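Let's work through some exercises on rings and helices together. Keep the structure open beside you and try each task before reading its solution.

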Amino acid sequence: MQKAIKKLWPYLLISLVAILILLPQIVTGSYILGVDSIFHMNRFYEAAMQIKTGHFSYFLSIYGYQQSGRIINALYGPLAAYFNGLLLIIAGNWVRFQILSSLAVMIIGGSLMYHLAIRTRISKIYSLVVAIVYMLSYIVMGWIVGNQFTGLAAALLPWLLNAGFDMVDYKKINVLRLAIPMTFMLQTHIMTSLIGALALIPFFIVGYLETDNRRKMLLNAIYSVLITLCLTANVWYGMIQIDFTNHALPVAPQLDMNSDSIAFFGHNVFVLPSIYSLILILTIIYFVYNWKKISTYRRIIFVTGILFFWISSTFFPWQFLDDRFPSISYLIQMPRRFTVITFVLLIICFGVMINDSFKNKWLNYVKYLGTFVIVVLIALNAAKSVQNGVKAYFSPEVVQNDYNLNYHTHDTDKIRRSLYDKDTGKVLKYLTKSTPDYLPVQYKVTPFNYFNYHPYGSYTEQIIDDSVSVKKHVNKAGHLILTWHSNNNDKIQLPIVKYKDSNIILNGKHISDVSLTNIGSVIVNSKVGENQLEIYYHGSKLLIMMLWVTVISWIILISYTMYRYLYKLKKAL
């Protein structure tokens, strides 16, 4: 029992900190509606309803997003969407779901960071400091108070970077220790995954140059990539297929890249919170001063962290590059995304610094006091962000950020009650968001014409606020069915969108020649009386094959993991 407590107490403390930070939300039973909440709630509701009903549509949204036939989950962390959908079913309502998911993200992020600090040879107590500083950072807290998926991916990032540390520390690559975290990252948030993959490059180069068996290390890297590709074929090939056959609307471009770059101070930039600026500056001073006695392993961690801070900052020539390569504003969107690597690596370096002892005992006392003050200030800041979210929930607006949000009821008490309702789709009828990402637009999009076609307004008018009296339901095959009554044979614009591989059956007949609006809304000829339109997605044979590759790969991985576990258990007995 004592051994178990000795092993588990750091994780129990991390869990306790997470509960204390969320206490205002737990006690009041509130729901924090942040900047991305409604968008992702639609994703999770979609996945939950598919699991609950057994009516699966991997590509088209048949329950969420106004049952519009949009493709979202297939392009945006499909595994994470279905996992959260399952959690929503278990929780029963949105309030319980958010509390459970927030606790999970904080505990997972803190535990993985603790493990990363321990393997960097930082003592237990200071590894706990590192874990708490990271899990309460605005990067991870972005999920807690804003449902920003970068925060969810950030919680998993230490797991991926652990494989990078292996490359330098052990001069080798463990195939599954690299492939599995990269797979989970790609199935959660592609952009953070790609940034994480870039962060592994310096570790690989150093490890490759220092290893005695370069051939094996290179082959293991290739095997890891191949396994990852098999486990994520649904993600990367799905994106290729849809992007090549449609003008899928990308995320809104950031026309002024500097405005979302990191700075210590200034205007029209993202100013790094002062407490993290202090940690960064102290860490830089420590590593520069002690450079000669710091190991190569720790130097690589520090240099890589600084490199990614530079990339994410106003010091990097983002605007210069964007002026010459405009597509960067789509791909990167916000340069501060790169700080997720900086936070992991430089907080580890901060742990290395506080783990070091001074010869002068009074300096050690100053270090203890300073570390305590930093942890308290970070905890207070995180708690305040949760309190602000709770305060917003009880405000007349209910939400923290109403950007592109549409209210379909003026009764805010009804909105609050809907977040407790077993019918988790209710709140998504009261609050809608006009984010148009991945719509099958009928024009070539550039950063300069993106807003000229008003995709946000078009989605609101054509899908959310469409006045056509149309009823929607889903059949056993997972096809979306629309029915309406018409008094004439006129054309009608319906509140659904069509991609190239979306198939339409109108009044019993397959039709291929369909008129579409600027965002891909369907226009058909009605007949007098009752009309019915059925829409479903029929991907190419290669796409279906790739989905099967993913499923089979996961079955093999799970079977192999269970075999290894049972073998070790049997050996232990």
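## Aromatic rings and a covered helix

In this predicted model, a search of the whole structure turns up 34 aromatic pairs.

**Exercise 1.** Classify the pair formed by the rings of tyrosine 76 and phenylalanine 149.

*Solution.* Start with the distance: the ring centres lie 5.6 Å apart. Next, take the angle: the planes meet at 85°, so this pair is edge-to-face, since planes over 60 degrees apart count that way. Now find the partners along the chain: tyrosine 76 is in the loop between helix H2 and helix H3, while phenylalanine 149 belongs to helix H7, 73 residues apart. Finally, check the surroundings: tyrosine 76 is buried, with a relative accessible area of 15%, and phenylalanine 149 is buried at 1%.

**Exercise 2.** Do the same job for the rings of phenylalanine 287 and phenylalanine 302.

*Solution.* The centres are 4.6 Å apart and the planes are at 5°, so these rings are stacked; the cut-off for stacking is under 30 degrees. Phenylalanine 287 sits in helix H12 and phenylalanine 302 in helix H13, 15 residues apart. Both phenylalanine 287 and phenylalanine 302 are buried.

**Exercise 3.** How many residues of helix H20 are buried, and which strands do they pack against?

*Solution.* First, count: 8 of the 10 residues in helix H20 (residues 455-464) are buried, so the helix is mostly covered. Among them are Pro455, Tyr456 and Ile464. Then look at the neighbours: the buried residues of H20 pack against strands S3, S4, S7 and S11.

Methods:
Residues numbered from 1 in each chain as written. Predicted model: local features only at pLDDT ≥ 70, side-chain atom pairs only at ≥ 80, totals over all residues. Heavy atoms only, no water. Buried < 20%, exposed > 50% of the residue type's maximum accessible area, 1.4 Å probe, protein only. Helix = DSSP H or I, 4+ residues; strand = E, 2+ residues; numbered from the N terminus. Contact = heavy atoms within 4.5 Å. Phe/Tyr/Trp six-rings, centres within 6.5 Å; stacked < 30°, edge-to-face > 60°.
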